[in-house]
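Trainee: I should like to learn how to read a protein structure, one feature at a time. May we begin with how one judges whether a residue is buried or exposed?

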Amino acid sequence: MAQPADSSAPDFVSQAADPVREHLAGSTGLADFLAGAGTLTLDERQLIVDQAKLMLEQNYVHLPLKTAMHAVNPVQRLRVLRRRLERQTETTKPPEWMFHAEMSEIFHSVRDLHTNYLLPDPYARKVAYLPFLVERYEDDRGEHFMVTHVAQGFSAPGFEPGAEITHWSGIPIAKAVDLNAARFAGSNTAARRSRGTQSLTVRSLVTHLPPFEEWVTVSYTDGSGTERELREIWRIVENLPPFVKTQAPMGTVLAEGLDLDMDEANRAKVMLFAPQVVAQKQALEAGEATPEVRAGEMATSMPGVFRAQEVRTSSGTFGYIRIFTFLQRNVEGFVSEFVRLLGLMPDSGLILDVRDNGGGIIFNAEFALQTLTPRPITPEPTQFINSPLNLRICRKHQDELGAWVPSMEQAVEIGSTFSSAVPITPEKRANAIGQQYFGPVALITNARCYSATDIFAAGFQDHQIGPVLGTDENTGAGGANVWDHEHLVALLEDEPDTPYVPLPKGAGMRVAIRRTLRVGANSGTPVEDLGITPDVPYRMTRRDLLEGNADLFERAGQILKDLTPHPVAITEATMTDGALRIKVKATNIDRLDVYVDQRPRNSVDLTDGQADITIPDASTAQSARVEGFADSRLVASRTARLG
């Protein structure tokens, strides 16, 4: 018989650490929150439906794919909903939550986390939460769901990291996760199930309706094996603001690839379970000294974006960088900080971890790739769906979108579904700084990697930078650039006949606008719905969840120890009497090719790992690049700026 556990939850927010304490103290119960929700008029509901139909018909790039793969017709569903609204009056219209539920269901039917109906006030910016986190692991007995984090100040008998969840409001936990997963829009089974687990305790109300239940009953087994039960109410609080400023250059806004739900959930988890990150961010914004970081971690100017440290395994000591998000509007700052952290990593190998990264600015993802490889980076090409409205937008904004116009105009004659494929990321900038890290790299992914992170993982694999170690069968499979309704309004705002109309009371919508295609050996393969399949599959263990990814790091270390680092350094570059003298030190490299201002000028064999190379007639040289080879294979590239 399970023993009831009375939580001290009503008081936990008053005990939370600054600066989160006062914020969480403003939490309200679900029932109280819903009592004041719902102010849309019938005309406002009709306007929302009309704008949704416009975006899905004219802008949504994946509509043919989703209609075929999932046997859905969201446009027809919107037509039917619009007709029903026409027959309603202000007195006969159903409760507002039913309207939001149907709109959400229509958008979720395409199983695309880029394509969302965003709830209006008071749901916008709010998050529903329980003060603990549940995660999944596997062992020889099958899958398990375990408490891994508890909000500071929350307590119940035996309810702590390590407690095993058995039932959720009377439903066996695995079934509860599957039922929850069916409500979410993941592009594949792994993505949906991962979202089903996360949303047990954290839900963004901008993308999802509040829970229908006011409380949950959690059945669990504590560390001593005692079966217990906990009843916990859902709370509503305003989420942390985005970790980046919302104002940005138009080109950066149009290059966004973000899973908004994942971004909202990640900020909520920071608020609940990592308040020290909030403190670091506030200290940086105030111009104060960076607060102490956790033991073993390296200080970073972007604590909400990166975490860096060294990890010790039985296979050796390796660098570790976690990228939590690519949503950083300061692209140069993002890349510079990433390069700085790479410079602190040992040459023995790097574990690069992008799990749970919902994406962000595509430039950040594709600019970062060049720092890890000597090979030139080919950014992923993207396509619009051909429609009169997309063509109108591209013609009007030639500076950012002109490259797609000729093929879209031609589509009138040849009837092609998609425009030509053109990269969003400028290829020159994707190769502007070149390789910065010279050890082997392993990338860790999971099913919550999405959007710009899918693009990053695809580029990592397509350019053969290193092995991909995946804790799920594939990534979240969000292969697109996403635009929201607000930006579409802005793109045609000075035209009197624009079809876009601002939405009421903070409502919003987003659609995948340009789909991405892979390069290299996978050239032309779409990322959407397929995702990136890891080279090395892995299943999270209980020890991973309780001991900071200990077994996962061990597996990554085993992979890296069998790979060879190829460090190369230009130790001196001087000009004497018009001749350029370059001194190079390298390891595990048998040949160096030298380029001056992108032209080949010399090639030397290495025997002792050092070379002293003179290039005549180089007085006007601006740059020198050495490329290192091992067994005729390009393995390293280092550039020096001259003059």
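Mentor: A residue is called buried when its relative accessible area is under 20%, exposed when it is over 50%, and partly exposed in between. Please bear in mind that this is a predicted model. Asp-454 has a relative accessible area of 0%, and therefore it is buried.

Trainee: Where does Asp-454 lie, and what is it in contact with?

Mentor: Asp-454 is placed in helix H18. Setting aside neighbours within four places in sequence, its contacts include Cys-449, Thr-475, Gly-476 and Val-527. Gly-531 and Ile-532 are also among them. Sequence separation and distance in space should be read as two separate quantities. Asp-454 and Pro-440 are 14 residues apart along the chain, and their C-alpha atoms are separated by 21 Å.

Trainee: Cys-449 appears among those contacts. How many disulfides does a search of the whole structure find?

Mentor: For a disulfide, two cysteine sulfur atoms must lie within 2.5 Å of each other. The search of the whole structure finds 0 disulfides. Two cysteines may still be described by their accessibility. Cys-449 counts as buried because its relative accessibility is 0%. Cys-394 is likewise buried, with a relative accessible area of 0%.

Trainee: How should I read a salt bridge, and how many are found in the whole structure?

Mentor: One looks for a side-chain nitrogen of Lys or Arg within 4 Å of a carboxyl oxygen of Asp or Glu. By that criterion, 45 salt bridges are found in the whole structure. One of them joins Arg-322 to Asp-353, with the closest N and O atoms 3.7 Å apart. This pair links distant parts of the chain, since Arg-322 belongs to strand E16 (residues 316-323) and Asp-353 to strand E17 (residues 350-353), 31 residues apart. Arg-322 and Asp-353 are both buried.

Trainee: Which salt bridge has both of its residues in helix H13?

Mentor: Consider Arg-340 and Glu-337, whose side chains meet in a salt bridge at 2.9 Å, N to O. Both residues lie in helix H13 (residues 331-342), 3 residues apart, which is about one turn of the helix. The accessibility of each partner should be read separately. Arg-340 counts as partly exposed because its relative accessibility is 38%, whereas Glu-337, at 6%, counts as buried.

Trainee: Which parts of the chain does the salt bridge between Arg-518 and Asp-462 tie together?

Mentor: The closest N and O atoms of Arg-518 and Asp-462 are 2.7 Å apart. Arg-518 lies in the loop between strand E24 (508-516) and strand E25 (536-537), and Asp-462 lies in helix H18 (residues 452-462), so the pair ties together parts that are 56 residues apart in sequence. Arg-518 is buried, with a relative accessible area of 6%, and Asp-462 is buried at 9%. Salt bridges may also share partners: Arg-136, Glu-138, Glu-143, Asp-178, Arg-193, Glu-473 and Arg-539 are joined into one network in this way.

Trainee: How does one read a sheet, and in what order do the strands E26, E27 and E30 stand?

Mentor: One establishes which strands pair, and then the order in which they stand. Here 3 strands form an open sheet in the order E26-E27-E30, with antiparallel pairing. E26 and strand E30 (610-615) stand at the edges with a single partner strand each, so one side of each is left without a neighbour in the sheet. On average, neighbouring strands of this sheet are turned by 15 degrees against each other, direction ignored. E26 and strand E27 (residues 579-586) run antiparallel and are joined by 8 bridges. In one of these, Ala-573 has Ile-582 in E27 as its bridge partner.

Trainee: What may be said of Glu-572, which is in strand E26?

Mentor: Strand E26 covers residues 568-576. Glu-572 counts as partly exposed because its relative accessibility is 28%. Beyond residues up to four places away in sequence, Glu-572 touches Arg-581, Ile-582 and Lys-583. From Glu-572 to Asp-612 there are 40 residues in sequence, and their C-alpha atoms are 9.2 Å apart in space.

Trainee: Finally, how does one read a residue in a loop, such as Lys-93?

Mentor: One names the elements on either side, and then the contacts. Lys-93 lies in the loop between helix H6 (74-86) and helix H7 (96-108). A polar atom of the Lys-93 side chain lies 3.0 Å from the backbone oxygen of Leu-40. Not counting residues up to four places away in sequence, Lys-93 touches Leu-40, Thr-41, Leu-42, Arg-45 and Gln-88.

Terms used:
Residues numbered from 1 in each chain as written. Predicted model: local features only at pLDDT ≥ 70, side-chain atom pairs only at ≥ 80, totals over all residues. Heavy atoms only, no water. Helix = DSSP H or I, 4+ residues; strand = E, 2+ residues; numbered from the N terminus. Buried < 20%, exposed > 50% of the residue type's maximum accessible area, 1.4 Å probe, protein only. Contact = heavy atoms within 4.5 Å. Polar contact = N/O pair within 3.5 Å; in protein donor to acceptor, adjacent residues only side chain to side chain. Pairing = 2+ DSSP bridges. Axes fitted to C-alpha atoms, helices over the stretch in contact; angles between N-to-C directions.
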